[in-house]
Amino acid sequence: MPGPEVMDQAAAAFGMLASPTRLQIVWILAGGECDVTGLAEQVGGTLPAVSQHLAKLRLAGLVRSRREGRRQVYLVDDPYLAAVVRLMVSQLSAQDQELQDKSDGPGLSAVGGAHTPKGLARGHIV
C-alpha cells in the first residue's frame with residue numbers, strides 16, 4: 001500500500017485534472033507538443049485563461065515547457081499521466097458511443113456529463 005505522501009500527491013494530481021479545460025489541455029498535450037495559441041484554439045478558450053491553466057499544470061509538475069525559437073511550447077511531463085488521461089477519456093468515449101448506439105439518442109455529451117457510466121457507478125472501469 002502506498003504511503004500517505006504518495007496518496008496526497010496522487011490526489012493533488014487528480015485534483016488538477018478535475019477542471020475540464022485542464023483535462024482537455026493534458027489530453028491535447030498527450031498527443032504532442034503545442035503552444036498556448038494552438039491550445040487556446042483547440043479548447044475554445046482565451047489566451048489568458050489557457051495560460052493560467054498551463055501555469056497551474058506546470059506548478060503541479062504535470063506539464064513542462066520549452067523554448068522553440070520565439071515561442072513557448074508545452075508538453076506532458078510524465079508519459080504515465082498521458083496514458084492515464086488517454087485511458088480514462090477513451091473509455092468514457094467508448095461507453096458514450098455504446099450508449100448512443102443502443103438508444104439511437106444523445107449520450108453523455110448531450111446531458112452535460114450528468115449521466116454516470118455504469119462502470120464508474122460500480123467504482124471501476126469496465
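A polar contact here is a pair of N or O atoms within 3.5 Å, and within protein one of them must be able to donate a hydrogen and the other to accept it. With that in hand, welcome to four close-ups of a predicted model.

**View 1. Glutamate 33 and its polar partner, arginine 66.** The two side chains make a polar contact at 2.5 Å. Glutamate 33 sits in the loop between α2 (20-30) and β1 (34-35), and its relative accessibility of 41% counts as partly exposed. Beyond four places in sequence, glutamate 33 also touches Glu68, Val73, Tyr74 and Leu75. Look for valine 76 as well: 43 residues separate it from glutamate 33 in sequence, yet their C-alpha atoms are 7.8 Å apart.

**View 2. Histidine 53 in helix α4 (residues 47-59).** Histidine 53 is buried because its relative accessible area, 18%, falls under the 20% cut-off. Setting aside neighbours within four places in sequence, its contacts are Ser19, Thr21, Arg22 and Ile25.

**View 3. Helix α5, residues 79-103.** From first C-alpha to last, the 25 residues of α5 reach 36 Å, close to the 36 Å expected. At its start, a side-chain oxygen of aspartate 78 comes to within 2.8 Å of the backbone nitrogen of tyrosine 80. Further residues to pick out are the buried ones, including Leu81, Val85, Gln91 and Asp96.

**View 4. Model confidence along the chain.** The mean pLDDT is 84, and 82% of the residues score at least 70. Among the elements, helix α3 (residues 36-43) has the highest mean, 97, and helix α6 (residues 118-121) the lowest, 48. Over residues 110-126 pLDDT stays under 50, and the model has 19 contacts beyond four places in sequence for this stretch.

Notes:
Residues are numbered from 1 along each chain as its sequence is written. This is a predicted model: local features need pLDDT of at least 70, side-chain atom pairs count only at pLDDT 80 or more; totals for chains, interfaces and linings use all residues. Side-chain values use heavy atoms; hydrogens and water are left out. Helices (H or I, at least four residues) and strands (E, at least two) are DSSP runs, numbered from the N terminus. The expected span of a helix is 1.5 Å times one less than its number of residues. Buried means under 20% relative accessible area, exposed over 50%, partly exposed in between (1.4 Å probe, protein chains only). Contact means heavy atoms within 4.5 Å. pLDDT is the predictor's confidence in each residue, from 0 to 100.
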